[in-house]
Amino acid sequence: METLFCISTALAAGLFMTRPAKKLGLPAVTAYLVAGILIGPYCLGRLGIEGLGFVSAESVQALGLFSDVALGFIAFAIGNEFRLSQLKKIGGKATFIGILQAVITAAVVDAALLVLHIFLGEKLPVPMALTLGAIAAATLMVVRQYKAKGKLTDLLLPIVAIDDAVGLVVFSVSFGVARAMVNGEFSIISIAVEPIIEIVCSLALGALMGVLFTFCEKFFNSNSKRLCLSLTFVLFTVAISKLEFEIGGVHIGFSALLVCMMLGTMFCNMCDFSAEIMDKTDKWTVPLFALFFVISGAELELNVFSDPAIIGIGAAYILSRSAGKYIGAFSSCKMAKCDEKTTRYLGVTLLPQAGVALGMSVTVMELGDIGSIIRNIILFSVLVYELLGPVLTKIALTKAGDITEKPKEKERKHRTPPAKIN
């Protein structure tokens, strides 16, 4: 019963928080994160009333299953962006920019944090720096809420999907190395071979599940049953991606995010009616995503930031990631010979960060105390990016000419008020 109270309280808090957020021009994700903080253990939870908010970190972690499922659907939706028909239309320019700027961002953050490691020592161990650099590549799409149209927007839409895909691959490699360093397993197999095996196995498992998913969909004609089968396969894929085993001393595991992303990619390219099913799935998952972001906000441990070193690491991450996104986008656009406005403003539109980055931060909890610090830094940075990112994105899209005022809005602005008659 208490669990149901917590779930309903979390959803209600998130929904009501979207009202003031909308008036401030902030996305729903921001509202959900703030709502989570407010009903979390450090705010409303301090009252100690079971069911009315989260009274402890354990009560938040008890809902971890919802986070796993939500992340599976987030990755599944990302896979839907890789339709071959759409990729052929955008050509290689978006792919080139998406890959290069993501790699540059990770490199810039890694470099900045490794330099900071020299001064902070064990406060910022190398595994933490590598993991934060990998997470930095991920981006959140916010442009759709502005109904923007233009060259920058057309390029931005596929780049965000490519950005997240590259980020997942980079994260798998970096996290594999970080995990080996934390566990003291300094071998070629654990540092170089196992991360690559994880990526290959994850993509192969996702492809296999996608083929099976598409085959099974043909046995059902009603949209409701097809939707039910879609939910079944995503849940089953998340579950099976949790498996781990060893062969000849080599640890073999899967990245749930990569597996589900490949599941979505295979399905959208093999199934003729995938667009309709994906649209219905997106609508079904709205409350699930809301709950996931509220839970993420509630997991933010504010006491961690009582240490000035952690605040410094968080600030360095935010600043270096922002610099990396802008430098990466600017340089890759220059190489791809994009127009001046796209080259100048693309990097700003890539600053928002949430879904996939939060998923990665859940995975890093395997690193113990280091993982907990990384998780809190990412949660805090996501909150900052979701407060400032959408505003900066709107400014960039407006300056690029992709957001224009409607004639009626212009008329209202320039209309002079009637003279008062005394």
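# Questions at the model

Guide: This predicted model holds 8 salt bridges.

Visitor: What makes Asp-68 and Lys-242 a salt bridge?

Guide: Their closest N and O atoms are 3.8 Å apart. The cut-off is within 4 Å. The value passes, so the pair counts as a salt bridge.

Visitor: Why say that this pair ties together parts of the chain?

Guide: Asp-68 lies in helix 4, and Lys-242 lies in the loop between helix 9 and strand 1. They are 174 residues apart in sequence, so the pair ties those parts together.

Visitor: Why is Lys-242 called partly exposed?

Guide: Its relative accessibility is 47%. Buried means under 20% and exposed means over 50%. Lys-242 falls in between, so it counts as partly exposed. Asp-68, at 25%, is partly exposed too.

Visitor: What makes Glu-299 and Arg-375 a salt bridge?

Guide: The closest N and O atoms are 2.0 Å apart. That is within 4 Å, so the pair qualifies. Glu-299 sits in the loop between helix 12 and helix 13, while Arg-375 sits in helix 16. Arg-375 has 5% relative accessibility, so it counts as buried. Glu-299 is partly exposed at 22%.

Visitor: What joins Arg-179, Glu-198 and Glu-366 into one network?

Guide: Salt bridges that share partners join them. One of the bridges is between Glu-198 and Arg-179, at 3.4 Å from N to O.

Visitor: How do you know that Asp-402 has no salt bridge?

Guide: Look at the nearest side chain of opposite charge. It belongs to Lys-341, 7.8 Å away. A salt bridge needs a distance within 4 Å, so Asp-402 has none. Asp-402 is nevertheless buried. Its place is in the loop between helix 16 and helix 17.

Visitor: What makes the pairing of Asp-402 with Thr-153 a polar contact?

Guide: Their side chains are 2.7 Å apart. The cut-off is within 3.5 Å, so the distance fits.

Visitor: How many disulfides does a search of the whole structure find?

Guide: The search finds 0 disulfides. Take Cys-271: the nearest cysteine sulfur, that of Cys-268, is 9.7 Å away.

Visitor: Why is there no bond between Cys-333 and Cys-338?

Guide: The sulfur of Cys-333 is 4.1 Å from that of Cys-338. A disulfide needs sulfurs within 2.5 Å, so 4.1 Å is too far for a bond. Cys-333 is buried, with a relative accessible area of 0%.

Visitor: Why is helix 14 called largely enclosed?

Guide: Count its buried residues. They make up 7 of the 10, so helix 14 is largely enclosed by the rest of the structure. Among them are Tyr-345, Leu-346 and Val-348.

Visitor: What caps the N-terminal end of helix 14?

Guide: Asp-339 does. A side-chain oxygen of Asp-339 lies 3.3 Å from the backbone nitrogen of Lys-341.

Visitor: Why is Lys-337 called exposed?

Guide: Its relative accessible area is 72%. That is over 50%, so Lys-337 is exposed. Lys-337 is found in the loop between helix 13 and helix 14. It has a positive phi of about 60°, although it is not a glycine.

Visitor: Why can Leu-392 be part of a nonpolar surface patch?

Guide: Patch residues need over 30% relative accessible area. Leu-392 has 37%, so it clears that bar. The patch covers about 400 Å² and also includes Leu-387, Leu-388, Val-391 and Ile-395.

Conventions. Residues are numbered from 1 along each chain as its sequence is written. This is a predicted model: local features need pLDDT of at least 70, side-chain atom pairs count only at pLDDT 80 or more; totals for chains, interfaces and linings use all residues. Side-chain values use heavy atoms; hydrogens and water are left out. Helices (H or I, at least four residues) and strands (E, at least two) are DSSP runs, numbered from the N terminus. Buried means under 20% relative accessible area, exposed over 50%, partly exposed in between (1.4 Å probe, protein chains only). Lys and Arg count as positive and Asp and Glu as negative; His and the chain ends are not counted. A polar contact is a pair of N or O atoms within 3.5 Å; within protein, one must be able to donate a hydrogen and the other to accept it, and residues adjacent in sequence count only if both atoms are side-chain atoms. Patches are made of residues with over 30% relative accessible area and no salt bridge: like charges are joined within 9 Å, nonpolar side chains (Val, Leu, Ile, Met, Phe, Trp, Tyr) within 5 Å. Accessible areas come from the Shrake-Rupley method with a 1.4 Å probe; for residues, only the protein chains shown count as cover.
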